[in-house]
Structure formats: C-alpha cells, structure tokens
Amino acid sequence: MKKQLKLIICFMLCTSILLSVCLIEHNTEHNCIGENCQICRDIALQRELLKSILLCLLCGSAIVIVSHNAVIMSLFVNTEKRKLNLVADKIKLTA
C-alpha cells in the first residue's frame, strides 16, 4: 500500500512539472492585456516553481555526492591505517 502511494505521489509530481513546462511553452505568445495579466503571473509563478525544484534537486545531488565521497574516503583511510599498524596486524619483528 505504501509503495503504491509513493508511486502515485511521484507520478503526480512528474505530471505537474510536465504540465508547468507545457503551460509556459504554450502561453509565451499570448495576447497580453498589460499590467494585470493573469497569464503572465501564472507563467512567472510556474518559472519560479521550476527553478525551486531544480535548486532542490541540485542541492540533494550535491549532498549525496559529498556523503558518497566521505564514505569512500573513510574506507580508504581505514584500509591505510590497517596496513600501517604492525601491532594490530601481529607482525613479529626479527633481527
């Protein structure tokens, strides 16, 4: 049930983004009545919405990349520490 709900929400979000782009493209050459044009306000609102979504996606991607790199670096550092620690590796030094 939860998986279906998540799919429905994802589908609705994708559809709203697609319809926002279609609204902007379809109404760029409309008969503007001037200062209080509702279509111009709607287009500006949709552009701001798309910019906000893009900014959220970019920030989320940056966070995922940084965390992924941090995990890789921590694994590398732990591996290097193990190689350099002779006592923990139980290496006997002989003369």
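Is Glu48 buried, exposed or partly exposed? Glu48 is partly exposed, with a relative accessible area of 45%. Here buried means under 20% relative accessible area, exposed means over 50%, and partly exposed is what lies in between (1.4 Å probe, protein chains only).

A word on the ground rules. This is a predicted model, in which local features need pLDDT of at least 70 and side-chain atom pairs count only at pLDDT 80 or more, while totals for chains, interfaces and linings use all residues. Residues are numbered from 1 along each chain as its sequence is written, and side-chain values use heavy atoms, with hydrogens and water left out.

**The overall picture**

The protein has 2 helices and 0 strands. Both kinds of element are DSSP runs numbered from the N terminus: helices are H or I with at least four residues, strands are E with at least two. Of the 95 residues in the protein, buried ones make up 6%. About 8800 Å² is exposed, and carbon and sulfur atoms supply 70% of that. Those areas come from the Shrake-Rupley method with a 1.4 Å probe, and for residues only the protein chains shown count as cover.

**Helix 1 and its patch**

Helix 1 takes in residues 2–26. How far apart are its end C-alpha atoms? They are 36 Å apart, which agrees with the 36 Å that 25 residues should span at 1.5 Å a residue. The expected span is 1.5 Å times one less than the number of residues. Helix 1 is hardly covered, with 2 buried residues among its 25.

Ile8 sits in this helix and, at 47% relative accessibility, counts as partly exposed. Together with Phe11 and Met12, Ile8 makes a nonpolar surface patch of about 350 Å². Patches are built from residues with over 30% relative accessible area and no salt bridge; like charges are joined within 9 Å, and nonpolar side chains (Val, Leu, Ile, Met, Phe, Trp, Tyr) within 5 Å.

**Where the helices meet in contacts**

Ser20 is in helix 1, and it counts as buried because its relative accessibility is 5%. What does Ser20 contact, leaving aside its neighbours within four places in sequence? The partners are Gln46, Leu49 and Leu50, where contact means heavy atoms within 4.5 Å. Seen from the other side, Gln46 belongs to helix 2 and is buried too, at 17%. Gln46 touches Ser20, Leu23 and Ile24, not counting residues up to four places away in sequence.

Two C-alpha pairs add some spacing. Val21, in helix 1, is partly exposed at 36% relative accessibility, and its C-alpha atom is 8.3 Å from that of Arg47, 26 residues apart along the chain. His26, also in helix 1, is exposed with a relative accessible area of 66%. His26 and Ile43 are 17 residues apart in sequence, with 10.0 Å between their C-alpha atoms.

**The salt bridge**

Side chains of opposite charge can pair when their charged atoms come close. A search of the whole structure finds 1 salt bridge, meaning a side-chain nitrogen of Lys or Arg within 4 Å of a carboxyl oxygen of Asp or Glu. Glu48 and Lys51 form it, with the closest N and O atoms 3.9 Å apart. Both lie in helix 2 (residues 38–84), 3 residues apart, about one turn of the helix. An α-helix has 3.6 residues a turn, so residues three or four places apart point the same way. Lys51 is exposed, at 54%, whereas Glu48 is partly exposed, at 45%.

**Cysteines without bonds**

A disulfide is a covalent bond between the sulfur atoms of two cysteines. How many disulfides are counted? The count comes to 0, with a disulfide taken as a pair of cysteine sulfur atoms within 2.5 Å. The sulfur of Cys37 is 3.7 Å from the closest cysteine sulfur, in Cys40, so it is too far for a bond. Cys40 is in no disulfide either, and its nearest cysteine sulfur is that of Cys32.

| Cysteine | Nearest cysteine sulfur | Relative accessible area |
|---|---|---|
| Cys37 | Cys40, 3.7 Å | 4%, buried |
| Cys40 | Cys32, 3.5 Å | 31%, partly exposed |
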